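Visitor: Could you take me through one part of this model up close, and then show me how the rest of the chain fits around that part? I would like to go residue by residue where that helps.

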Amino acid sequence: MSFDTPVPTFSASDPHATFLNSSCLDFLLIELVPLAQRLAHELAVPSTTSTTINPTTAATTPNLHPASDPDPLDEEEEREAVFYRLEMLGYRVGQGLAERFSRDRARMNDTLDVIKFCCKDLWTIVFRKQIDNLKTNHRGVYVLTDNTFRPFARMSTVTGGGAVQRAQPFLWFPCGIIRGALANMGVNASVQAETTELPSAIFKIETINKPVGWTS
């Protein structure tokens, strides 16, 4: 499916406009996944607090030290913790982007129009290109395909290196961005993503409950 050229997202003549080098987002996306993994490990290690009583002064002194035998997260628990953190971060970013860049537009009363906004305008803002293909079954399921997903552009694709498996967590933050943007514009949906061959990425959106424009 082809798309028209999106409306510019900013005015260079706006005296209040602030700009940021687009490479900053690239660096952020690179570091987000390792950061979430480190936090998952650190938060999984409990600490115990003991109290030492000074018999002379009757003062108490807390002693903080890590538990001697912490139970580490298993692989599935760690994956869920990392997914939740990254997806929720993306959700908040998506809400903010939709609020900022859709406020001067006429209200979109059709779910497909909202999805197209995400494919064209939102994707151009975040990844500097539009989604390459959009498909729908017209029953609340939308499949978005990005043939050259920017965060995957510099990833190693050495055969047997597990590149596809290692790339999967880098899709969770963008999933949150999509879900947050949709929620801000009145579309409640779940978003899943996968990649079978780098640098492509496929996002599946399934709307939940009432689509935009329905009234009871």
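Guide: Gladly, and let us start with Leu97, which is buried because its relative accessible area is 17%, under the 20% cut-off. Please keep in mind as we go that this is a predicted model. Leu97 sits in helix α2. Leaving aside residues up to four places away in sequence, Leu97 touches Leu122, Ile125, Val126 and Ile177. There is also a long step in sequence to look at here: Leu97 and Asn184 lie 87 residues apart along the chain, yet their C-alpha atoms are 9.2 Å apart in space.

Now follow the same helix to another of its residues. Helix α2 covers residues 75-101, and Glu76 belongs to it. Glu76 is partly exposed, its relative accessible area being 46%, whereas Leu97 is buried. On the surface, Glu76 joins Asp74, Glu75, Glu77 and Glu80 in a patch of negative charge.

From the contacts of Leu97 we can move on to helix α3, which spans 111-127, and to the loop that runs from there to strand β3 at 133-136; Arg128 is found in that loop. The backbone deserves a look at this point. Most residues other than glycine have a negative phi. Arg128 is not a glycine, and still its phi is positive, at about 60°. With 38% relative accessibility, Arg128 counts as partly exposed.

A second residue with this kind of backbone comes in the loop between β3 and β4 (141-146), where you will find His138. His138 also has a positive phi of about 60° without being a glycine. As for its surroundings, His138 counts as exposed, because its relative accessibility is 67% and the cut-off for exposed is over 50%.

Further along the chain, strand β5 takes in residues 189-194, with Ala193 among them. Ala193 counts as buried, at 16% relative accessibility. Setting aside residues up to four places away in sequence, Ala193 touches Gln168, Leu171, Cys175, Ile202 and Phe203. Its C-alpha atom is separated by 7.5 Å from that of Trp172, a residue 21 places away along the chain.

After β5 comes one more backbone feature for your list. The loop between β5 and β6 (201-207) holds Pro199, and the peptide bond leading from Leu198 to Pro199 is cis, with omega near 10°. For context, most peptide bonds are trans.

Finally, let us step back to the whole chain. The protein chain has 5 helices and 6 strands, and along the sequence they follow the pattern α-β-β-α-α-β-β-α-α-β-β. Of the 216 residues, 33% are buried; Leu97 and Ala193 are among the buried ones. The accessible surface comes to about 13,600 Å², and carbon and sulfur atoms account for 53% of that area. Among contacts between residues at least 6 apart in sequence, 62% join residues at least 24 apart. If you return to the starting point with that in mind, the contacts of Leu97 with Leu122, Ile125, Val126 and Ile177 are a good place to look again.

Methods:
Residues numbered from 1 in each chain as written. Predicted model: local features only at pLDDT ≥ 70, side-chain atom pairs only at ≥ 80, totals over all residues. Heavy atoms only, no water. Helix = DSSP H or I, 4+ residues; strand = E, 2+ residues; numbered from the N terminus. Buried < 20%, exposed > 50% of the residue type's maximum accessible area, 1.4 Å probe, protein only. Contact = heavy atoms within 4.5 Å. Patch = residues over 30% accessible without salt bridge, like charges linked within 9 Å, V, L, I, M, F, W, Y side chains within 5 Å. Areas by Shrake-Rupley, 256 points an atom, 1.4 Å probe, with all protein chains shown as cover. Salt bridge = Lys/Arg side-chain N within 4 Å of Asp/Glu carboxyl O. Lys, Arg positive; Asp, Glu negative; His and termini not counted. Charge placed at Lys NZ, Arg CZ, Asp CG, Glu CD.
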